[in-house]
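Here is a friendly walk through one model, from its turns to its sheet and on to its ligand. Please keep the viewer open as you read.

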Amino acid sequence: MSYFFISHDIETVYYLADALAVMYFGSVVEYIEDIPLFEQLQHPYTKKPFSSVLTCDSRKSKGFGVDFEEPKGNQNTARGCAFAPRCRDAWELCFREKPALKEAGSQHHIACHQLYQTFPLYQAGGQR
Ligand code: SF4
């Protein structure tokens, strides 16, 4: 039997879930199949709920705490990444083409043009 648990309480998700899918504007932007990979999450939007976690365990908040831009004007993202107006890493391609969910590593998928360049398969000249 499987359950879907939807929450912004990332700490609770960590303790209840086996897998984690992060959604923004109706699309999955990051997915890990195994919750121990939790600390490998790196999509720019994923960092937002992490930055709001109150914890005494500094290991869980390591690398997080990123603030985001306010949306920049009326930029049309209908064809591109929905997060682009708020993303500090956004570039021209982000507003033109919606990023697909691609394999970033074992049991880890990310939809982000910027992060594709860090994927081992991308660097090896494979999946793009
Ligand atoms: S695709 Fe571009 S705008 Fe979207 S999260 Fe990645 S860098 Fe930011």
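## The loop at Phe25

Phe25 sits in the loop that links strand 1 (20-24) to strand 2 (27-32). The model you are looking at is predicted, and in it Phe25 has a phi near 50°, a positive value in a residue that is not glycine. The two strands on either side make a hairpin with two residues between them, and Phe25 belongs to that turn.

Is Phe25 buried or exposed? With 10 other C-beta atoms within 10 Å, Phe25 is exposed, because a residue counts as exposed at 12 or fewer such atoms.

## A second positive phi: Gln107

Now move along the chain to the loop between strand 3 (102-105) and strand 4 (108-110), where you will find Gln107. Gln107 is not a glycine, yet its phi is positive, at about 65°.

For Gln107, 14 other C-beta atoms lie within 10 Å, so this residue is partly exposed. The reasoning rests on the cut-offs: 12 or fewer would make a residue exposed, and 20 or more would make it buried.

## How the strands pair

The hairpin around Phe25 is a good place to start on the sheet. Strand 1 and strand 2 run antiparallel to each other and share five bridges. If you would like a landmark, look for Met23, which stands opposite Val28 of strand 2.

Strand 2 also pairs with strand 4, again in the antiparallel sense, over three bridges. Here Tyr31 has His109 in strand 4 as its bridge partner. As a general reminder, strands of a sheet pair through backbone hydrogen bonds, either parallel or antiparallel.

## The sheet as a whole

In what order do the four strands lie in the open sheet? The order is 1-2-4-3, with antiparallel pairing. Strand 1 and strand 3 are the edge strands, each pairing on one side only. From one strand to the next, the twist averages 35°.

## Around the ligand

Which residues surround the ligand? Four cysteines are part of the shell, namely Cys81, Cys87, Cys94 and Cys112. Pro44, Phe83, Ala84, Asp89, Ala90, Pro99, His113 and Gln114 complete the set.

Sorted by class, this shell holds nine nonpolar residues, two polar ones and one charged one. The charged residue is Asp89, while His113 and Gln114 are the polar pair.

Note on methods
Residues numbered from 1 in each chain as written. Predicted model: local features only at pLDDT ≥ 70, side-chain atom pairs only at ≥ 80, totals over all residues. Near = placed C-beta within 6 Å. Pairing = 2+ DSSP bridges. Axes fitted to C-alpha atoms, helices over the stretch in contact; angles between N-to-C directions.
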